[in-house]
Amino acid sequence: MKHLYTWAAILCVVAASTSGDVLISHAMKRVGDVAHVFRDHGLSAVVRRMLTNGPLWLGVFFMALAFFSLMFALSWADVSLVAPAAASLTFLTNAIAAKFFLHEKVDRRRWMAALFVACGVVLIAG
Amino acid sequence: MSLRKLATLAGVIVFGSLGDVCLKRGMAAFPDITLANWTILFHAIFNPRVALGIGLLIAFFVCYLSSLSFADLTYVLPATSIGYIGMAFLARFFLHEQISPMRWVGILLIALGVGFVARGPSVTVEHSHAKLPISNTSRGEV
């Protein structure tokens with residue numbers, strides 16, 4: 001039963017983290033390169049564009065959810081399983097979500113990068 | 001890639017890794033957190049290590065937002081995973097932890113992953129962007 005709870009917690013962290021990353025990436029592309037916005041329109045424009053950005057707030061909410069679910073899970077589940085499994089799976093789910101929702105050009109090179117890093121994270125934390 | 005962009009990515013790596021370590025060390029001082037005693041989380045915020053960890057993670061978040069404003073998510077995430085390698089070496093040299101053969105393989109795989117994305121473009125160039133001047137002209141004429 002504890003295994004089931006542990007994997008449910010891992011899935012929660014991965015789902016929340018992926019949603020957060022995708023929403024934030026989408027939001028920041030809408031804001032534009034912050035250094036350029038800052039140079040051309042000033043700090044107030046950067047702050048205004050970010051504060052009025054709905055997806056950014058939603059993304060921050062999901063990131064907070066992922067953070068607290070991870071902290072919650074780490075306090076009772078097996079740390080050596082939860083942390084690497086969540087971190088590793090997030091690299092893969094992010095690559096899939098970025099392709100379909102952000103329409104990023106995830107070519108073979110990027111798939112390989114996501115896969116290698118995901119495997120590496122499991123080994124390095126093990 | 002410009003120096004400014006590289007520095008932003010370095011910020012993601014350094015602040016993220018150090019923030020995680022501080023938070024992990026700080027939370028070790030507290031008992032297991034369950035739904036019954038979740039309010040401990042509020043006490044944990046005032047622990048100096050947890051507070052420093054949160055501060056560093058805020059700095060990480062600023063760099064992360066900034067890097068996502070100029071690069072793809074599928075570029076930023078693998079590229080900044082080099083932090084895992086840095087952490088392993090820091091543990092080796094400062095905490096004198098041994099790096100097992102399994103960890104060396106992990107380090108190699110992450111390094112290869114970083115190498116894969118670093119050699120490619122950092123941002124997806126949409127066709128509509130590439131054709132913007134032409135479409136603008138035609139739209140202007142219509």
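In this predicted model, helices H4(A) and H5(A) touch through a short list of residues: Leu70(A), Ala73(A) and Leu74(A) on the H4(A) side meet Val79(A), Val82(A), Ala83(A) and Ala86(A) on the H5(A) side. Sorted by class, this contact between H4(A) and H5(A) holds seven nonpolar residues, no polar residues and no charged residues.

Two packed helices are described by the angle between their axes and the distance between the axes. H4(A) covers residues 54–76 of chain A, and its axis comes within 8 Å of the axis of H5(A). The two axes cross at roughly 155 degrees. Angles over 145 degrees count as roughly antiparallel, and H4(A) and H5(A) are therefore roughly antiparallel to each other.

Further along chain A, a loop lies between helix H5 (79–101) and helix H6 (108–125), and Lys105(A) has its place in this loop. Is Lys105(A) buried or exposed? Lys105(A) is partly exposed, because 15 other C-beta atoms lie within 10 Å, while a buried residue would need 20 or more and an exposed one 12 or fewer. Lys105(A) and Ala95(A) are 10 residues apart along the chain, and 9.9 Å separates their C-alpha atoms.

Chain B can be described first by its elements. Chain B has eight helices and zero strands, and from the N terminus on the order of its elements is α-α-α-α-α-α-α-α. Of its 142 residues, 34% count as buried. Among contacts in chain B between residues at least 6 apart in sequence, 76% join residues at least 24 apart.

The domain assignment divides chain B into two domains. The table lists the residue range of each domain and the number of residues that each gives to the contact between them.

| Domain of chain B | Range | Residues in the contact |
|---|---|---|
| domain 1 | residues 1–70 | nine residues |
| domain 2 | residues 71–142 | 11 residues |

Which helices supply at least two residues each of the side of domain 1 of chain B that touches domain 2 of chain B? They are helix H1 (3–27) and helix H3 (48–68) of chain B. H1(B) gives the most to this side of domain 1, with five residues. By class, the side of domain 1 of chain B that touches domain 2 of chain B has six nonpolar residues, three polar residues and no charged residues.

Terms used: Residues are numbered from 1 along each chain as its sequence is written. Chains are lettered from A and ligands numbered from 1 in the order in which they are written. This is a predicted model: local features need pLDDT of at least 70, side-chain atom pairs count only at pLDDT 80 or more; totals for chains, interfaces and linings use all residues. Helices (H or I, at least four residues) and strands (E, at least two) are DSSP runs, numbered from the N terminus. Axes are lines fitted to C-alpha atoms, for helices over the stretch in contact, and angles run from 0 to 180 degrees between N-to-C directions. Angles under 35 degrees count as roughly parallel, over 145 as roughly antiparallel, 65 to 115 as roughly perpendicular and the rest as oblique. Two residues are in contact if their C-beta atoms, placed from the backbone, lie within 7 Å. Ala, Val, Leu, Ile, Met, Phe, Trp, Tyr, Cys and Pro count as nonpolar, Asp, Glu, Lys and Arg as charged, and the others, Gly among them, as polar. Domain bounds come from an automatic or database domain assignment.
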